[in-house]
Amino acid sequence: MKIPLYQVDAFTSRAFGGNPAAVCPLEEWLPDALMQSIGNENNLSETAFLVPNGNGGGARYGLRWFTPESEIDLCGHATLASAFIVFTHLRPELQEVAFDTKSGELIVKRDAAYPGRLSMDFPSRPPKPISADPRLAQAIGGTPRSILASRDYLVVYETEEEVRALKPDMNLLAQVDRMVIVTAPGREVDFVSRFFAPAAGVPEDPVTGSAHCTLIPYWADRLGKTHLRALQVSRRGGELWCELRGDRVTMAGHAVEFLHGSIDIPS
């Protein structure tokens, strides 16, 4: 059995930047264990699998995401990568595509105002004060201004320089009970961030769309504005254009195809 495989750098306009994701278009779902094995073999932060949903006439797909260790409920960069493959290879006549996921319907559109940019509609996940895992502060380092949480911890620092300088203890951080976003005001953008998930097999994720479901409402409230520009300041780096719209957020970015091939699965 041959399975198509694409590798896409998401949230960047250049190869070797942003966050790489594998995308596997399927005719029907594979067994969960096989999809997990493929995610592990690819050894990227996420491998996305998509299957056409008949009622949408090809404009709607089921979408699932696997890290090297587990299936997750929401992934931004692999959704952007999947939409890029739909628009580039599967249904180039489309202007938007809908994905049915464990986090509900996610819609990705071509941005008519900025050719090549794709815009994603995701749920907003505002953070709230929380009694944090006592291992978190030691594992992440620095001197946080505050610690909040939604799905993930949101650790807030005073400056971009502090965020860039962090060198977390990954062994200890893997024992913390949530994945971790760190953030601060940006020098040239509204905010910067980094994202750590060693327990999921992703020590530092280069660019994390799902984290911005929490970052966007936090910074929109703090800065008093709904349109925001963001940088994820990992080694590869990524750029996002963001908007808060009530209980939804919009994230826009570019994507670049790096690889196209196939996976050979023994029968």
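Are Phe191 and Trp219 buried or exposed? Phe191 is buried, and so is Trp219; buried means under 20% relative accessible area, exposed over 50%, and partly exposed in between, with a 1.4 Å probe and protein chains only. The tour returns to this pair below.

Before selecting anything, note that this is a predicted model, in which local features need pLDDT of at least 70, side-chain atom pairs count only at pLDDT 80 or more, and totals for chains, interfaces and linings use all residues. Residues are numbered from 1 along each chain as its sequence is written, and side-chain values use heavy atoms, with hydrogens and water left out.

**The whole chain**

Show the cartoon. The protein has six helices and 18 strands; helices (H or I, at least four residues) and strands (E, at least two) are DSSP runs, numbered from the N terminus. Along the principal axes, the C-alpha atoms fill a box of roughly 50 × 40 × 30 Å. The radius of gyration is 18 Å, which agrees with the value near 18 Å for a compact globule of 267 residues; the radius is taken over C-alpha atoms, and the globule rule is 2.2 Å times the number of residues to the power 0.38.

Switch to a surface. About 11500 Å² is accessible, and 50% of that belongs to carbon and sulfur atoms; the areas come from the Shrake-Rupley method with a 1.4 Å probe, and for residues only the protein chains shown count as cover. Of the 267 residues, 55% count as buried. Among contacts (heavy atoms within 4.5 Å) between residues at least 6 apart in sequence, 62% join residues at least 24 apart.

**Aromatic pairs**

Five aromatic pairs are found in a search of the whole structure. Rings of Phe, Tyr and Trp (its six-membered ring) pair if their centres lie within 6.5 Å; planes under 30 degrees apart count as stacked, over 60 as edge-to-face and the rest as tilted.

Select Phe16 and Phe258. Their ring centres are 5.6 Å apart and their planes stand at 70°, so this pair is edge-to-face. It links distant parts of the chain: Phe16 is in the loop between β1 (2-10) and β2 (19-25), while Phe258 is in strand β18 (residues 255-264), 242 residues apart. Phe16 is exposed, with 56% relative accessible area, and Phe258 is partly exposed at 41%.

Next, go back to Phe191 and Trp219. These two rings are stacked, 5.8 Å centre to centre with 5° between the planes. Phe191 belongs to strand β13 (residues 191-197) and Trp219 to helix α6 (residues 212-223), 28 residues apart. Add Tyr218 to the selection: Phe191, Tyr218 and Trp219 form one aromatic cluster.

**Charges over rings**

A charge sits over a ring if NZ of Lys or CZ of Arg is within 6 Å of the ring centre and within 35 degrees of the ring normal. Select Arg64 and Trp29: the charged end of Arg64 sits over the Trp29 ring, 5.5 Å from its centre. Then select Arg117, which lies over the face of Tyr114 at 4.0 Å from the ring centre.

**Cysteines**

How many disulfides does the structure hold? There are zero disulfides, a disulfide being a pair of cysteine sulfur atoms within 2.5 Å. Select Cys24 and Cys75: the Cys24 sulfur has its closest cysteine sulfur in Cys75, 14 Å away, too far for a bond. Cys24 is buried, at 0% relative accessibility. For Cys242, the closest cysteine sulfur is in Cys213, at 9.9 Å, also too far for a bond. Cys242 is buried too, at 4% relative accessibility.

**Stops in the loops**

Select Ala59, in the loop between β3 (47-52) and β4 (60-66). Ala59 is partly exposed, at 24% relative accessible area. Not counting residues up to four places away in sequence, Ala59 touches Arg91, Leu94, Val97 and Ala98.

Move to Met179, in the loop between α5 (170-173) and β12 (180-185). Met179 is partly exposed, at 23%. Its contacts, with residues up to four places away in sequence left out, are Arg151, Asp152, Tyr153, Phe195, Phe196 and Ala197. Met179 and Asp152 are 27 residues apart in sequence and 4.9 Å apart in space, C-alpha to C-alpha.

Finish with the backbone. Most residues other than glycine have a negative phi. Phe16, seen earlier, has a positive phi of about 75°. Asn43, in the loop between α1 (32-42) and β3, has a positive phi of about 55°. Asn43 is exposed, at 55% relative accessibility.
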